[in-house]
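Please open the model in a viewer and keep the sequence panel visible. The tour proceeds by selection, beginning with a single residue.

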Amino acid sequence: MIMFGACPRCGGAVIDRARAMEDSPLCITCGWRRTDLSLEIRTEVEAHLGEKFIDNRYQHRLIGKGKAPLSGWERVKRQRELERQQLLRSTG
Ligand SMILES: [Zn+2]
């Protein structure tokens with residue numbers, strides 16, 4: 001869906017994409033993105049979209065997994081800890 005004249009920067013045509021809005025420019029003319037929106041407009045948009053998105057996707061995912069996966073650094077630290085313990089054990 002394209003909204004003509006909806007770009008706040010240049011007044012060009014803006015592609016209304018609810019999903020892939022992070023990397024793709026929404027304004028055809030100047031490349032303006034949704035993230036450039038003023039706080040006022042953004043909160044207005046979130047009032048329409050935000051609740052559903054957050055409730056259904058993010059919270060569901062968090063609850064479903066239960067435990068957050070370890071980050072890369074956490075994994076390295078844990079691995080080093082294991083190796084140190086094995087070393088201590090083998091050397092006595
Ligand atoms: Zn524009």
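Is Ala-6 buried, exposed or partly exposed? Select Ala-6: this residue is partly exposed, because 15 other C-beta atoms lie within 10 Å. The classes count other C-beta atoms within 10 Å of a residue's own, with C-beta atoms placed from the backbone: 20 or more is buried, 12 or fewer is exposed, and partly exposed falls in between. Residue numbers start from 1 along each chain as its sequence is written. The model is predicted, so local features need pLDDT of at least 70 and side-chain atom pairs count only at pLDDT 80 or more, whereas totals for chains, interfaces and linings use all residues.

Next, display the loop between strand S1 (2-3) and strand S2 (14-15), where Ala-6 lies. Add Asp-16, 10 residues from Ala-6 along the chain; the two C-alpha atoms are separated by 9.6 Å.

Now show the whole protein as a cartoon. The order from the N terminus is β-β-α-α, with 2 helices and 2 strands. These elements are DSSP runs numbered from the N terminus: helices are H or I of at least four residues, strands E of at least two. Of the 92 residues, 3% count as buried.

Then colour by pLDDT, the predictor's confidence in each residue from 0 to 100. The average is 73, and 55% of the residues score at least 70. Among the elements, helix H1 (residues 39-65) has the lowest mean, 62, and H2 the highest, 87.

Finally, select helix H2 (residues 72-91). Its end C-alpha atoms are 29 Å apart, in agreement with the 28 Å expected for 20 residues, where the expected span is 1.5 Å times one less than the number of residues. The number of buried residues in H2 is 0, so this helix lies largely in the open.
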